[in-house]
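Good morning, colleagues. I should like to take you through one structure this morning, a few elements at a time. Please look at the sequence and the model as they appear.

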Amino acid sequence: MMMQRRGPHSLDADTGDQAESVPAPIEARRTEISASQLRTPPADAVHKARKELAYGADFSQAFAASIPEAIGTADVVGRGRELRRALSGAGSALQPLLEDPEVTDVLVNGVNGVWIDRGFGMERVHQLDGYWPSRVDVRALAVRLASACGQRLDDSMPIVDGTFPGGMRLHAVLEPISAEGALISLRTHRPVAYSLDDLQESGTFGAGMRVILDALIAQRANVMISGATGSGKTTLLSALLSSVGSHERILVIEESAELFPQHPHVIHLQERHANVQGAGAVPMPVLVRAAMRMRPDRIVLGECRGAEVRDVLSALNTGHDGGWATIHANSAEDVPSRLVALGALAGMSESVVAAQAASALDAVIHVQRTAAGRRVAQIGTFVRRQSELSAQLAVRVDEVDGSLHAGPGWDRLGERLGIDASFFTEANAQADVGVLAGHGMPRACLDRRRCRDVRSDKAGGYT
């Protein structure tokens, strides 16, 4: 018998040990947002509170003037929380969703509904259907959120990216650019960094893959992590950086600070956008060049998405080993074409990108979202053939049983990491027969449609 362990991607409600041991189907795990979570103060109370604050009152005075009927301790605390949500943050409707530790994204599609992502795909929050009666109300919310990020959002600048002081990211689009009215996308920021142990227990990768990941860190390999939006690239990278030795200095370059590994010597450089006059911008390439003068042991680029790829590849080719970066791609094999496209933005030819990348990068780790959650799916290596750059699959994770399989690129990667080919036989032999290797769930649950047939015994294990 094996107990199911809760991990960072679990959606199970906190309902006791026996409930936690049963891997319920996704539909059952997507619990509805309770009405109490989304309770909002009356509009007139919010208006009164804002008026009192504008006249210089503190929050307690504004609260007493706007909601005088709150008497008991529980009522005062609850109504006060509702009023704070309405006056600050993302508002009384969206803030409870963002405070849910399982939610990674909150999307407002104009007046057409609100959707959230808790790691298993999009879910509609039906309780908020019709919450904003008109497009004007949604637009006002988008403008207020942009203002809270220090950004301007109006007809002259209808698209905005911003970051809240706490790290939450905002993207908003106004009509007529958006046909549905104002569109709001909020990406939550979790200050807690998961460790590699946490991700292994949650099923992101198995014990065999853990050996390879540890070796990539120990051997100071230069690695890119690829995947789609929300696939877990940043989470995995933060966990990997947490395992770097405490004697090393890690310099992280990001558009907005999202990587907070559990490491004693991490510093961040953040991109700065131009102001309303079009001045004061500090782009990524400038930050990369500045980072190389700050005595880093490891240079980490939060996301490689533009002309900064030239400076990153140059840095990794001049002795800055142990570098990491993330990139958007559909698979490990697609990363070379993505690098070539980004290199073109920096004026690099395909042959130059191929020469630089093949020399600088040791591996690419591809993560993807599956029906069971976020998983490490592939590891590839880069190969230069004349003027073309390609990726060879070095490690593939079987979707059915989680076993590891060597690809044509393993010889090169194994030599770099000091791991011979017999590793795969040993790693797969040590995997539990009845459980997906390191995935923490019974084989019957790989197909979520069959999870309804899984029952627990009285000890809380799997039958």
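Let me begin with a definition: an axis here is a line fitted to C-alpha atoms, for helices over the stretch in contact, and angles run from 0 to 180 degrees between N-to-C directions. Please keep in mind also that this is a predicted model.

With that in hand, consider two helices. Helix α13, residues 335–345, packs with α14 at an angle of about 120°, and their axes lie 9 Å apart. Angles over 145 degrees would count as roughly antiparallel, and 65 to 115 as roughly perpendicular; the two helices are therefore oblique to each other. The crossing of α13 past α14 is right-handed. Which residues make the contact? From α13 they are Leu-339, Val-340 and Gly-343, and from α14 they are Glu-350, Val-353 and Ala-357. By character, the residues of this contact comprise four nonpolar, one polar and one charged.

I turn now to the sheet. It is open and has nine strands, in the order β9-β8-β10-β11-β7-β12-β13-β14-β15, and its pairing is mixed. At the edges stand β9 (266–270) and β15 (404–406); each has a single partner strand, so one side of each is left without a neighbour in the sheet. On average, neighbouring strands are turned by 25° against each other, direction ignored.

At one of these edges, β14, residues 388–397, runs antiparallel to β15, and three bridges join the two strands. Within this pair, Val-397 stands opposite Leu-404 of β15. Helix α14, residues 350–360, packs on the sheet, where it touches β13 (373–385) and β14; the direction of α14 makes about 40° with that of β14.

Let us look at one residue of β13, namely Phe-382. Is Phe-382 buried or exposed? Its relative accessible area is 0%, and buried means under 20%, so Phe-382 is buried. Leaving aside residues up to four places away in sequence, Phe-382 touches, among others, Val-335, Pro-336, Leu-339, Ala-358, Leu-389 and Arg-412. Ala-363 is also one of the residues that Phe-382 touches; the C-alpha atoms of these two are separated by 6.7 Å, although they are 19 residues apart along the chain.

Finally, I draw your attention to helix α10, residues 233–242, which is mostly covered, with eight of its ten residues buried. Among the buried residues of α10 are Lys-233, Leu-236, Leu-237 and Ser-242.

Note on methods:
Residues numbered from 1 in each chain as written. Predicted model: local features only at pLDDT ≥ 70, side-chain atom pairs only at ≥ 80, totals over all residues. Heavy atoms only, no water. Pairing = 2+ DSSP bridges. Helix = DSSP H or I, 4+ residues; strand = E, 2+ residues; numbered from the N terminus. Contact = heavy atoms within 4.5 Å. Buried < 20%, exposed > 50% of the residue type's maximum accessible area, 1.4 Å probe, protein only. Parallel < 35°, antiparallel > 145°, perpendicular 65-115°, else oblique. Left-handed = near helix turned anticlockwise from the far one by under 90°. Nonpolar A, V, L, I, M, F, W, Y, C, P; charged D, E, K, R; others polar.
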